[in-house]
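This report describes a metal site, a helix beside it, several charged pairs and two individual residues. The sequence and structure are shown first.

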Amino acid sequence: MSLLEQQNFLARLYTDAALRRAFLLMPEKVGAENGLNEKEVTEIAEIMPEELNFFAESLFWKRLREVEKFLPLTKKVLAGELTEHFREFSQNFNPQTVNKHFEDALEFCRSLSKSKISELSKNVAKFEQKKLEFFGGGQRITICKLDFDIRRIVRQSADSQGESPKRKTKFAVWLRVNRKVKHFFV
Amino acid sequence: MSEDRNQKQNTQKSLGAGIGFREQFRGSVFLNQDKIDFLEITTDHYLDAKPDKLGALKLLKEHFPLIPHSLELSLGSAEGIDEEYLEKVAEIVEFIKPPWFSDHLCFTRSGGVKIGHLAPVPYTKEAVRVFVKNIAQVKSRIKTPLILENITYLVRFPSSEMPESEFIKTILEETDCGLLLDVTNLYINSQNFGFCWRKFLDEIPLERVVQLHFVGSNRHGKRLIDAHANKTEREIWEVFAEVCKRSEIKGAVLERDADFPPFEEILEELETARGLMKIQNLKKVSAV
Ligand SMILES: [Fe+2]
């Protein structure tokens with residue numbers, strides 16, 4: 001098996017959980033479906049399943065940790081649910097640009113608008129999405145319409161025991177004036 | 001190693017002990033300029049950067065010697081080098097004008113899939129040829145010396161034809177590159193797969209070590225991992241000290257990426273590293 005073919009298949013095995021599960025269960029069948037001959041299948045199947053899974057998991061966690069750095073508020077409101085949603089998202093998206101973690105975080109926020117999470121969490125994710133779009137895109141102004149007054153969450157003053165934000169239409173605004181950024185709510 | 005390169009790297013003064021620059025450190029590095037000898041910057045953070053980000057890089061450059069460290073040259077990719085990425089790295093290296101720059105002995109993409117992190121390659125003659133070809137392409141574009149970093153690996157390939165040490169040695173010799181020896185990665189691999197790091201040091205060309213990386217390891221289940229989120233432990237300092245005794249290193253970088261401690265702890269680690277590097281120098285003086 002050439003190194004190129006092996007790397008093509010390994011890259012998919014590392015990043016695609018469904019393919020990995022299927023290959024570990026039925027290497028010959030899945031290998032053949034992906035164009036590998038018997039010898040090639042054996043070569044890859046020789047990698048210990050435990051090592052393969054551990055490495056793939058470590059890649060997932062590294063990716064999640066990088067995304068969390070961009071989304072501190074979404075991480076806070078989603079708490080334990082974040083991992084599960086990111087796992088689902090990560091199976092369908094492979095960032096391609098040089099700013100891969102930024103791209104990943106932005107796309108994850110967009111995907112959360114269609115996820116089964118609370119309306120408040122959707123609002124927080126939308127807020128961080130718009131913020132990333134503003135800083136990443138260099139627009140003069142970005143306005144984000146929100147259904148909740150999330151100012152306390154944004155100011156990091158709301159702890160998990162605190163009163164949850166009230167439903168109220170709010171607009172978060174980011175503005176560039178003389179190369180300085182202003183951010184406020186109206 | 002060609003005589004020119006050999007002379008160039010041997011006459012290069014040691015840069016001392018530095019840190020991998022992270023945005024979280026920005027304020028602290030400027031406040032503690034006298035305690036940080038140099039910074040390693042992640043090239044990828046400045047590719048396609050907007051003018052204010054490049055301005056921030058320029059400011060760093062005015063205050064510290066900088067060493068660029070890239071993540072995605074994917075020197076072990078059999079499909080070859082991504083020329084667009086190479087061009088962007090080249091622009092940053094040309095802007096910084098460092099004594100060397102670095103990337104890893106790994107592959108990070110194949111067939112349109114980005115793996116997202118550093119993945120090992122099987123230690124085969126074919127893989128050596130791939131590295132040699134890709135590195136030649138990088139060298140023809142970027143004239144600054146490229147040094148190569150050893151990675152941690154969690155998967156092993158039974159199809160490997162040689163041990164990791166021989167694989168690294170062969171690539172360094174065939175490409176005439178220096179080594180960025182990550183002592184933490186070496187320690188982690190030795191613990192996860194039960195080999196002796198001292199023996200590994202015996203087997204690699206230590207005269208090619210240019211720079212070190214160090215940070216603490218993290219335990220995940222029964223394995224150690226390179227989360228870059230811990231204080232350097234005694235066992236890793238032991239590897240560090242041993243390399244300093246046996247090699248003329250030109251700089252050491254603390255790579256902390258998460259669970260950031262108070263900055264004093266970072267500075268203490270640099271002081272420890274500097275101490276170990278000075279022992280080497282003092283020994284040389286007394287030997288003369
Ligand atoms: Fe490293």
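Helices are DSSP runs of H or I with at least four residues, numbered from the N terminus. The model under discussion is predicted. Just after helix 7 of chain B, B:Gly194 takes a positive phi of about 60 degrees.

**Helix 7 of chain B**

Helix 7 of chain B spans residues 183–193 and is mostly covered, with ten of its eleven residues buried. Among the buried residues are B:Val183, B:Leu186, B:Tyr187, B:Ile188 and B:Phe193. The polar residues B:Asn185, B:Asn189 and B:Asn192 are also on the buried list. At the N-terminal end, the helix is capped by B:Asp182, which places a side-chain oxygen 3.0 Å from the backbone nitrogen of B:Thr184.

**The iron site**

B:Asp182 also serves as a ligand of the iron ion, together with B:Glu149, B:His213 and B:Glu255, at 2.0 to 2.4 Å. The donor atoms are OE of B:Glu149, OD of B:Asp182, ND1 of B:His213 and OE of B:Glu255. Along the chain, the donors follow the spacing E-x32-D-x30-H-x41-E. Distant parts of the chain are linked here: B:Asp182 belongs to strand 8 (residues 178–182) of chain B, whereas B:Glu255 is in the loop between strand 12 (251–254) and helix 10 (263–287), 73 residues apart. B:Asp182 and B:Glu255 are both buried.

What makes the arrangement around the iron ion irregular? The angles subtended by the four donor atoms run from 86 to 171 degrees. Four donors count as tetrahedral only if all angles lie between 85 and 135 degrees, so the angle of 171 degrees rules that class out.

**Salt bridges**

Over all chains, the structure holds 37 salt bridges. Three of them are listed below.

| Pair | Closest N and O atoms |
|---|---|
| A:Lys39 and A:Glu43 | 3.6 Å |
| B:Lys169 and B:Glu173 | 3.9 Å |
| B:Arg198 and B:Glu242 | 3.2 Å |

A:Lys39 and A:Glu43 are separated by about one helical turn because they lie four residues apart in helix 4 (residues 38–45) of chain A. A:Lys39 is exposed, with a relative accessible area of 58%, whereas A:Glu43 is buried at 17%.

B:Lys169 and B:Glu173 are likewise four residues apart, about one turn, in helix 6 (residues 164–175) of chain B. B:Lys169 is partly exposed at 32% relative accessible area, and B:Glu173 counts as partly exposed at 38%.

The third pair joins two helices. B:Arg198 lies in helix 8 (residues 197–203) of chain B and B:Glu242 in helix 9 (residues 234–246), so the pair ties together parts 44 residues apart in sequence. Salt bridges with shared partners join B:Arg198 and B:Glu242 with B:Asp202, B:Arg234, B:Glu235, B:Glu238, B:Lys245 and B:Arg246 in one network. Within this network, B:Arg198 is partly exposed at 34% relative accessible area, while B:Glu242 is buried at 13%.

**Two residues of chain A**

A:Glu103, in helix 8 (residues 100–112) of chain A, is buried yet has no salt bridge. The nearest side chain of opposite charge, B:Lys114, is 7.1 Å away. The side chain of A:Glu103 instead reaches the backbone nitrogen of A:Gln96 at 3.1 Å. Beyond its neighbours within four places in sequence, A:Glu103 is in contact with A:Phe93, A:Pro95, A:Gln96 and A:Thr97.

A:Lys182 lies in strand 3 (residues 180–185) of chain A and is partly exposed, at 48% relative accessibility. Leaving aside neighbours within four places in sequence, A:Lys182 is in contact with A:Val173, A:Trp174, A:Leu175 and A:Val177.

Note on methods:
Residues numbered from 1 in each chain as written. Chains lettered and ligands numbered in written order. Predicted model: local features only at pLDDT ≥ 70, side-chain atom pairs only at ≥ 80, totals over all residues. Heavy atoms only, no water. Donors = N, O, S within 2.8 Å, 3.2 Å for Na, K, Ca; no water. Tetrahedral: all angles 85-135°; square planar, octahedral: opposite > 155°, others 65-115°. Buried < 20%, exposed > 50% of the residue type's maximum accessible area, 1.4 Å probe, protein only. Contact = heavy atoms within 4.5 Å. Lys, Arg positive; Asp, Glu negative; His and termini not counted. Salt bridge = Lys/Arg side-chain N within 4 Å of Asp/Glu carboxyl O. Polar contact = N/O pair within 3.5 Å; in protein donor to acceptor, adjacent residues only side chain to side chain.
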